[in-house]
Amino acid sequence: MMFSRRVFLPLSQFDQSEVRTTIGTDRKGAVTINLGYGTDMKSVALVTPAAMTHWPRCNGEGNYGTTWGPTDPTKAKFSVDLADTPWGTDETVNPHFQGLADVLTAIDDKVLAFVHANQLKILGRKSLSLEEVKMLQIRTVRPRYNKDTGALTGHTVNLSSPCFQWDGMGGKYKAKVNVCDYKGDSLNEGVVSPGDIVAVTMYAKQVYTGVGGDKFGIQWAFEDVSIICQRAKVIGPMMQSAFSTQTYDFAHEYEHPESASVPDIDMSEQFNN
């Protein structure tokens, strides 16, 4: 069975104004929201810029067997998160994340306006203001909070794809995430680890409605992950400015200690007796 591959546009070429929404129905006659790109309603698909991932599960059985994962392996999902966490010598921001956040927020706003205009068909509600409908929307770019203090620590985008896909003949087959290097060459048994700097090919899988009552939002999935820089090779901050204001009379430049030399010992006498 032949499957047509999605065309993923680089973020610089992606035009969010070309994203369109229409109303459709599923096989049971329920109202659905169709999300497409361009007049021919192609898949809304793009290549993300570099971002740090904290909780990737792109290998093996995905989230099967984890605390929040399913107990049925056929319902497991691969997942990856893209965060605005800074890395390298920049201590304050990931300069690549905001452009992605702006595009995804614009798409969210387009879906929001569409649901507001068609709220009776989609939500079974009427006379809700735009802000009231927005309270029902699960946004794509989500805030991250410190678990201890509750302070805002940044933002993240969560993507997931099923570990098992429908084969079109009534069954399922085991899927696999294509893990690549920074050039796009596929890696045999490549592993995505927490702290890696990655880019992904993401697409809008569906606009879901009725979750938790009247909740709605876009489910974003992914196909490929490019490991741009592994966590062990990320260059940390070159300077911690918090220490630069401190002065001490006894301060001295750091010197690397000499490696201890191990003398050669003749162990033959130990085994002569």
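Two strands count as paired if DSSP finds at least two bridges between them. In this predicted model, strand E6 (residues 77-83) and strand E9 (residues 152-162) are joined by 7 bridges and run antiparallel. E9 also pairs with strand E8, gives residues to the largest nonpolar core, and helps line the largest pocket. The points below start at this strand and move outward.

**Strand pairing around E9**

- E6 and E9 are antiparallel, with 7 bridges between them. Ala83 stands opposite Thr156 in E9.
- Strand E8 (residues 141-145) is also antiparallel to E9, through 5 bridges. Here Tyr145 faces Leu152 as its opposite residue in E9.
- E8 and E9 make a hairpin, with 6 residues between the two strands. Gly150 sits in the turn and has a positive phi of about 80 degrees.

**Ser160, a buried residue in E9**

- Ser160 belongs to strand E9.
- Its relative accessible area is 17%. The limit for a buried residue is under 20%, so Ser160 counts as buried.
- Beyond its neighbours within four places in sequence, Ser160 contacts Lys77, Phe78 and Ser79. It also contacts Gln219, Trp220, Ala221 and Phe222.
- In a regular strand, side chains alternate between the two faces of the sheet.

**The largest nonpolar core**

- This core holds 48 residues. Those with the most contacts inside it are Phe14, Leu35, Val44, Ile107, Leu159 and Trp220.
- Two or more residues come from each of these elements: strand E3 (31-37), E6, helix H1 (97-117), E9, strand E13 (197-211) and strand E14 (215-229).
- H1 gives the most to this core, with 10 residues.
- Trp220 is in contact with Val44, Leu104, Ile107, Thr140 and Asn158, leaving aside neighbours within four places in sequence. Its other such contacts are Leu159, Ser160, Met202, Tyr203 and Ala204.
- In soluble globular proteins, nonpolar side chains tend to be buried together.

**Cysteines**

- A search of the whole structure finds 0 disulfides.
- Cys58 is in no disulfide, and the nearest cysteine sulfur, that of Cys163, is 9.9 Å away.
- Why is there no bond from Cys163 to Cys58? The two sulfurs are 9.9 Å apart, which is too far for a bond. A disulfide needs the sulfur atoms within 2.5 Å.
- Cys58 is buried, with a relative accessible area of 3%. Cys163 is buried too, at 0%.

**Gly190, a buried loop residue**

- Gly190 lies in the loop between strand E12 (178-180) and E13.
- Is Gly190 buried or exposed? Gly190 is buried, with a relative accessible area of 12%.
- Leaving aside neighbours within four places in sequence, Gly190 contacts Asn59 and Val179.
- Gly190 and Ile227 are 37 residues apart along the chain, and their C-alpha atoms are separated by 8.9 Å.

**The largest pocket**

- The largest pocket contains about 1,200 Å³ of space.
- Its lining comprises 31 residues. Trp55, Ser79, Asp81, Arg142 and Asn158 lie nearest its centre.
- E6, E8, E9, E13 and E14 each give two or more residues to this lining.
- Two of the residues nearest the centre also appear in contacts described above. Ser79 is in contact with Ser160, and Asn158 is in contact with Trp220.

Technical notes
Residues numbered from 1 in each chain as written. Predicted model: local features only at pLDDT ≥ 70, side-chain atom pairs only at ≥ 80, totals over all residues. Heavy atoms only, no water. Helix = DSSP H or I, 4+ residues; strand = E, 2+ residues; numbered from the N terminus. Buried < 20%, exposed > 50% of the residue type's maximum accessible area, 1.4 Å probe, protein only. Contact = heavy atoms within 4.5 Å. Core = buried A, V, L, I, M, F, W, Y, C linked by side-chain atoms within 4.5 Å. 1 Å grid on protein atoms, 1.4 Å probe; cavity = no way out; pocket = protein on both sides within 12 Å on 5 of 7 lines; lining within 4 Å. Points joined across faces, edges and corners; volume = space filled by probe spheres on them.
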